[in-house]
Amino acid sequence: MTKILSFWGLCLLLSACQSLTYHEQRQLRTLEYKGVTVDTPVGEWDKPASPLAAGILNIFPGFGNFYLGNGRAAQSEQNLYGFLNLLTWPISILWGIPEAAIDANTINKRDLLIYYQYDERGKEFYKTIK
């Protein structure tokens, strides 16, 4: 019985939300200072992930995580989170819905940074707002 509880405890710990690095947070603050956010981008960038869709899809076992793991700005570790949510369904609904919505926001922020740093169109727009 102890081994089973330990396994489920490990699964719960592994299914944590993603976060931004300190450097990414600083870059986002710089962009925000210039008026560029995920909700008010400058240029042709659009959100690759919908927090609402990810949360709603996680009502079903891990579907929201699979959506985030295979979308335009896919984060492959989301497939593991989806599998763990599948194993712990239906109780995984309690943490899966908010986790997927938070992760979708994080994915959007990270994709915004990538757009302004590496995409040629994004670099051009970034130069105009400096």
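## Helix 4 and its neighbours

Helix 3 (51–57), helix 5 (77–87) and helix 6 (93–118) are the packing partners of the buried residues of helix 4. A word on the source before going further: this is a predicted model.

Which residues of helix 4 are buried? Within residues 63–70, they are Gly64, Asn65, Leu68 and Gly69. These buried residues lie on the same side of helix 4, because they cover an arc of only 135° around the axis. There is a familiar pattern behind this: an α-helix has 3.6 residues a turn, so residues three or four places apart point the same way.

## A salt-bridge network around Arg72

Four salt bridges are present in the structure, and some of them join up: Asp46, Arg72 and Asp111 form a linked network. Let's take the two pairs in turn.

Asp46 and Arg72 meet through their side chains, with an N to O distance of 3.0 Å. Asp46 sits in the loop between helix 2 (22–33) and helix 3, while Arg72 sits in the loop between helix 4 and helix 5, so this pair ties together parts that are 26 residues apart in sequence. The other pair is Arg72 with Asp111, where the closest N and O atoms are 3.4 Å apart. Asp111 belongs to helix 6, so its bridge to the Arg72 loop ties together parts that are 39 residues apart in sequence.

How accessible are the three members? Arg72 counts as exposed, at 52% relative accessibility. Asp46 is partly exposed, with a relative accessible area of 45%. Asp111, by contrast, is buried, because its relative accessible area of 16% falls under the 20% cut-off.

## The Asp39–Lys47 bridge

Another salt bridge brings together the side chains of Asp39 and Lys47, at 2.9 Å from N to O. Here Asp39 is exposed, with 62% relative accessibility, whereas Lys47 is partly exposed, at 40%.

## Nonpolar cores

Now for the interior. In soluble globular proteins, nonpolar side chains tend to be buried together. The largest nonpolar core in this model has 10 residues: Leu20, Leu28, Leu31, Val36, Val38, Trp45, Leu112, Leu113, Tyr115 and Tyr116. Helix 2 and helix 6 each contribute at least two residues to this core, and helix 6 gives the largest share, with four.

Trp45 is a good residue to click on, as it belongs to this core and also touches members of the salt-bridge network. Leaving aside residues up to four places away in sequence, Trp45 is in contact with Val38, Arg72, Asn108, Asp111, Leu112 and Tyr115. Of these, Arg72 and Asp111 take part in the network described above. Apart from the largest core lies another one, of seven residues, including Ala54, Ala73, Ala100 and Ile107.

## A nonpolar patch on the surface

Which residues form a nonpolar patch on the surface? They are Leu52, Ile56, Ile59, Phe60 and Phe63, with about 500 Å² of accessible area together. Ile56, one of these residues, is located in helix 3 and counts as partly exposed, at 46% relative accessibility.

How values were computed: Residues numbered from 1 in each chain as written. Predicted model: local features only at pLDDT ≥ 70, side-chain atom pairs only at ≥ 80, totals over all residues. Heavy atoms only, no water. Buried < 20%, exposed > 50% of the residue type's maximum accessible area, 1.4 Å probe, protein only. Arc of directions from axis to C-beta. Contact = heavy atoms within 4.5 Å. Patch = residues over 30% accessible without salt bridge, like charges linked within 9 Å, V, L, I, M, F, W, Y side chains within 5 Å. Areas by Shrake-Rupley, 256 points an atom, 1.4 Å probe, with all protein chains shown as cover. Core = buried A, V, L, I, M, F, W, Y, C linked by side-chain atoms within 4.5 Å.
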